[in-house]
Amino acid sequence: MTLPFPILIILVPLITAFFIPIIGWWRRDLCYPLVIVALSVSTLSSVFILHLVEEGGTIHYYLGSWDPPWGIEYVIDHLNAFMAIIVSAISLIVALSSKRSVERELPQKVVYFYCLFLLQVTGLLGIVVTGDMFNLYVFLEIASLAGYALIAIGEDGAPFASFNYMIYGTIGACFYLLSVGYLYVVTGSLNMADLSRILPDLYHSKVVLMAFAFFIVGVGLKMALFPLHVWLPDAYTYAPSAVSALVAPLMTKVGAYVLIRIVFTVFTPSFSISLIPATTILSWVAVIAILFGCILALGQTDLKRMLAYVLIAEVGYIALGVGLANKAGLTGAILHILNDALMMTCLFLVVGAILYKVGLRNIHQFTYLHRKMPITMAAFTVAALSVIGIPPTCGFFSKWYLVLGAIDANQWLFAVVLLVSSLLNAILFFRVIENIYFEPANAHGEGAHEEISVDEAPLSMLIPILVVTAGILSLGVLSGKIISSVIQFAVPAGL
Amino acid sequence: MELIISKYNYWVYIILMMIGFYAMIGKRNLVKKLVGMNIFQTAIILYFVSTGAKRGASIPIVEGGHGEAIHAIHAAHYVNPLPHVLMLTAIVVMVSTFGVALALIIMLYRRYNTLEEDEILELRK
Amino acid sequence: MEAVSSIRPMLAVSVSALAALLILFTGERRRNLRELWTILASVTKFFLVASMMPTVLAGKIIECTIIDFSPGIALQFRVDAFGFFFGTLASVLWIATSIYSIGYMRGLNEHAQTRYFFCFAFALNGALGVAFAGNLLTLFIFYEILTIATFPLVAHRETPEAVRGGRKYLAYLLTGAAFVFFSLGLTYTLTGTLDFAGGGFLRGHGSDNLLRLLFVTFVLGFGTKAAVMPIHEWLPTAMVAPTPVSALLHAVAVVKAGVFCVLRVVLYVFGPQLLSDLNLWLVLAYFASFTIIVSGMLALAQDNLKRRLAFSTINNLAIIIMGAALLSPSAIIGGIFHIAGHGFMKITLFFVAGAIYVKTHKENVSELDGIGRAMPITMGSFAIAAMGIAGTPPVVGFISKWYLCLGSLEAKEIVFMFVLLTSALLDIAYFFPIIYNSFFSKPQGWINSGVDEASWLMVVPLTACAVISVILGIAPDAFFRFFRVATLAARNIAGIG
């Protein structure tokens with residue numbers, strides 16, 4: 001297959017990222033349209049690739065026409081195409097809504113912001129489409145470095161949070177590099193498909209075992225799996241709004257994707273499930289992550305920080321699905337990657353809109369907001385219902401598969417934890433919803449109100465929020481189609 | 001003893017890595033953390049390169065270059081070039097990380113006037 | 001059972017969702033247009049449901065599959081006799097409640113009326129979805145929609161007490177939903193399907209103890225909405241809501257949906273045969289009896305009229321569940337029919353409570369002396385409905401109690417007949433003083449302060465419901481063919497024809 005779409009996905013944002021400082025120095029206003037165009041090209045390419053993959057099976061693209069395993073290969077199967085669409089579409093939506101908030105929060109640095117934004121997206125897309133282990137490391141670091149810089153532009157505590165993130169993130173990436181090195185030493189190959197062929201003979205070697213362990217820790221640091229999540233709350237709370245909206249839904253999900261790749265593609269399921277109890281340990285860690293995230297979120301009054309802890313719990317859900325390692329569980333995990341990306345995008349975009357319009361972050365200050373920004377608050381409610389897992393929003397359906405997976409694996413405790421976390425999420429979000437919608441009793445007599453006019457967020461923020469909300473509502477009901485056409489093939493056979 | 005002598009490259013890199021790791025976590029000063037990070041990454045690069053070494057091999061450049069007839073190449077005569085190439089990329093990554101980190105440190109110093117982690121945490125309260 | 005394909009179930013369910021959106025966009029400025037949407041939607045819904053009557057009476061099922069979720073589960077509506085029964089009841093009572101709500105809200109000049117009507121319409125969406133659901137997952141989806149839509153209604157007043165009531169409501173119902181979720185997952189894992197089948201589909205799919213555990217989780221889950229004891233506490237607390245909402249909760253939608261789901265589980269998921277094999281029916285019947293007696297006694301102790309009515313509802317819901325638990329055909333018919341009978345009677349009682357509140361702002365039984373002379377039509381309807389709840393002919397309550405007693409004889413457990421008689425006595429004990437005092441005690445200055453009947457928007461619905469209760473008591477198949485449909489449902493369950 002020599003159609004250039006796999007490389008186009010990455011190349012267009014990358015080249016545009018290089019051009020933006022130049023063009024921005026010349027005309028600042030051109031940055032935003034350029035970013036939108038680049039990301040639209042990426043999104044369209046990924047949609048087209050999904051179409052091709054559905055018709056013809058896995059796509060292979062050889063960089064520089066060098067055959068694998070000597071050259072770098074880009075492999076797009078169902079899982080990759082699925083992730084590529086998620087990453088590019090979400091970044092497009094966030095980019096669309098970022099215009100106003102960036103101008104408000106970072107007036108001098110608009111050009112650099114967009115440059116780093118595109119670099120981050122390039123890195124994430126690269127992780128998703130590549131089929132080579134070392135190439136993945138390079139893109140991982142591109143994304144991470146752009147992330148450190150983007151987060152550091154934020155408000156007061158941001159540079160320090162970013163520094164901490166950097167320390168942790170570098171440890172994670174270096175562990176990843178180390179394990180790639182171990183695998184290379186024993187097998188002589190860096191290509192994922194090649195490794196999955198060669199490794200089964202070497203499963204009893206200690207080197208491979210160490211490599212696997214380093215992988216899990218490294219990727220766990222990147223995806224903020226408990227107990228390696230410590231950097232996340234600070235980093236996402238202090239980052240600028242547009243950055244949180246970009247990084248929060250994507251970075252951790254791409255990390256989860258890498259986890260799935262390693263546990264099920266590079267190391268075949270027989271290794272991860274039977275030979276060493278990796279998936280069992282993973283599922284227990286994930287359960288603790290879920291409970292930890294939900295419980296700690298209860299104590300937060302800053303909405304963004306609360307959402308950061310909810311994100312840790314959501315990562316726990318995905319890791320639980322991976323750890324359950326049966327068909328239903330993995331379907332739930334992959335579906336949850338999509339659903340969680342949508343929910344978190346919506347929530348963080350709403351937070352950004354609230355910050356832009358009224359400058360408030362403390363949930364106790366949210367009274368009267370439903371009058372001022374009714375549409376935004378409705379979107380928030382829908383996203384909150386999705387996090388809780390109320391049908392027919394999409395969050396319910398991924399939870400359904402996860403619970404099915406837990407019952408299938410005879411782990412009833414996990415099912416109970418999943419349901420308890422739904423209730424904890426309900427407490428979390430209804431606290432905020434009550435503050436938004438119910439006014440203090442003395443404010444309304446028999447119909448007398450203060451006159452608070454509707455002052456909605458600007459259209460450039462409102463339309464992306466509405467698009468994502470429509471997605472949350474419709475993709476739930478359509479989840480059957482998504483599973484039967486895409487996810488079903490992404491789940492490795494033999495589970 | 002045999003174990004240590006024959007695998008000395010592994011021991012060196014492990015010790016270096018642990019020094020760097022300790023510095024990253026245990027030191028209070030931000031610049032020392034950064035130095036630790038650098039040592040950590042360098043240790044890994046050292047490990048990679050050391051795995052490519054072979055007994056009695058020379059550097060992986062073919063004499064005679066292009067244009068002239070290429071003799072048969074015995075892989076055992078040349079050090080494995082792939083780790084070198086990979087590590088060039090990794091060194092670039094390391095340097096960029098270092099650059100970003102230094103930029104962050106400058107920002108932090110301008111804001112808090114100190115580079116000690118505990119003092120910064122105090123100031124942030 | 002022959003199946004006919006039609007989009008009418010989906011239309012009937014979605015018409016109120018559409019109305020809800022129209023209400024939201026019409027807003028407070030054009031309130032008459034907004035109320036028009038509600039009335040129009042309720043009438044349309046009723047006609048859509050009624051149009052399905054001939055097919056259902058002929059013994060066929062109407063199917064409408066919307067989308068497949070995964071092999072074996074689809075978003076699917078299947079209108080069988082039992083679902084049609086509940087759907088008819090809900091849509092009829094919505095018409096009455098809508099008219100009443102308009103009178104109530106305007107009479108009190110309540111705030112946030114748009115939100116109120118929006119949530120009401122959405123709640124009916126959920127209720128009909130529950131009624132017409134063809135499998136457990138569709139049922140659960142609409143069950144949750146019902147919960148979420150009714151939450152803003154319960155906490156409508158936004159006083160700290162109301163907010164607390166709303167939180168309790170949500171806490172109980174969402175916890176119940178978690179239990180239902182778990183039961184659904186377990187059922188699917190055991191059987192690979194979630195479709196309802198008259199007579200149950202769980203037989204032979206798991207060990208006895210596992211099935212018993214599954215039954216317990218199901219009953220705990222759906223039982224929260226059906227207000228079985230000991231998870232009933234949310235219902236009296238939810239009386240802090242405006243009265244039409246309480247009427248909705250008690251008679252039209254919420255607890256009826258809960259009891260509907262419990263009956264679905266007992267009769268269409270487990271089935272009489274399996275339950276009698278597992279000996280679970282006796283356990284359920286005893287729990288129901290316990291609830292009946294205790295709630296009757298608690299009702300005596302309440303001074304707040306709506307709380308007294310709340311405990312009376314818990315009483316009657318337990319009667320319905322007992323009817324299903326007895327597993328004999330007459331008991332099942334009696335139980336199902338009581339869903340409708342009690343619906344009409346209870347809604348009359350709540351409408352009266354609301355009318356009294358609008359006119360006098362009085363909520364407690366002890367303050368109602370002599371009010372019957374100031375509001376004769378209202379209290380007259382109250383008297384009729386209260387007599388019906390106690391089981392006095394010719395009001396409809398007598399018919400369901402008759403069939404339940406027959407059923408307990410058929411099941412060869414006479415103790416339940418005595419439970420029913422005791423509950424009738426308790427009903428008389430806590431209703432009769434109200435009726436007596438309101439007509440025959442010294443008035444507390446009502447007539448002087450100009451209290452008279454509430455506005456026609458409230459009086460007409462409540463009188464109509466009282467009258468219908470009497471008509472249904474004399475001719476149970478009048479208008480809606482409730483009795484015939486209930487009998488059809490019982491035959492479905494027994495697997496005949």
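Here is a walk through this predicted model, from the way its chains meet to a few details of the backbone.

Let's start with who touches whom. Of the 2 pairs of chains that touch, A and C share the most contacts. Chains B and C, on the other hand, have no contact joining them, and their closest C-alpha atoms sit 34 Å apart.

Now have a look at where A meets B. Chain A puts 21 residues into that contact and chain B puts in 24. On the chain A side, α5 (133-152) and α6 (158-187) each supply at least two residues. The largest share of that side comes from α6(A), with 13 residues. As for the chemistry, the chain A side splits into 16 nonpolar residues, 4 polar and 1 charged.

Over in chain C, find the open sheet of 3 strands, which are ordered β1-β2-β3 with mixed pairing. Its edges are β1 (3-5) and β3 (73-79) of chain C, each pairing on one side only. Ignoring direction, neighbouring strands here are turned by 40° against each other on average. Helix α1 (residues 8-26) of chain C packs on this sheet, where the helix touches β2 and β3 of chain C. The direction of α1 makes about 75° with that of β2(C). Back among the strands, β1(C) and β2 (residues 61-70) of chain C run parallel and are joined by 3 bridges. If you want a spot to zoom in on, C:Ala3 stands opposite C:Ile61 in β2(C).

Next come the cis peptide bonds. One joins A:Phe226 and A:Pro227, with omega at about 0°. You'll find A:Pro227 in the loop between α8 (206-223) and α9 (232-238) of chain A. In chain C, a cis bond links C:Pro393 to C:Pro394, and omega there is about 5°. C:Pro394 lies in the loop between α16 (376-390) and α17 (397-410) of chain C.

The loop between α8 and α9 of chain A is worth another visit, as A:Ala224 lies there too. Phi of A:Ala224 is near 60°, a positive value in a residue other than glycine. Is A:Ala224 buried or exposed? A:Ala224 has 28 other C-beta atoms within 10 Å, so this residue is buried, the cut-off being 20 or more.

Chain B offers another positive phi outside glycine: B:Asn113, with a value near 65°. B:Asn113 is placed in the loop between α4 (81-112) and α5 (117-124) of chain B. B:Asn113 counts as exposed because it has 10 C-beta neighbours inside 10 Å, and 12 or fewer is what that label takes.

Note on methods: Residues are numbered from 1 along each chain as its sequence is written. Chains are lettered from A and ligands numbered from 1 in the order in which they are written. This is a predicted model: local features need pLDDT of at least 70, side-chain atom pairs count only at pLDDT 80 or more; totals for chains, interfaces and linings use all residues. Two strands pair if DSSP finds at least two bridges between them. Helices (H or I, at least four residues) and strands (E, at least two) are DSSP runs, numbered from the N terminus. Axes are lines fitted to C-alpha atoms, for helices over the stretch in contact, and angles run from 0 to 180 degrees between N-to-C directions. Two residues are in contact if their C-beta atoms, placed from the backbone, lie within 7 Å. Ala, Val, Leu, Ile, Met, Phe, Trp, Tyr, Cys and Pro count as nonpolar, Asp, Glu, Lys and Arg as charged, and the others, Gly among them, as polar.
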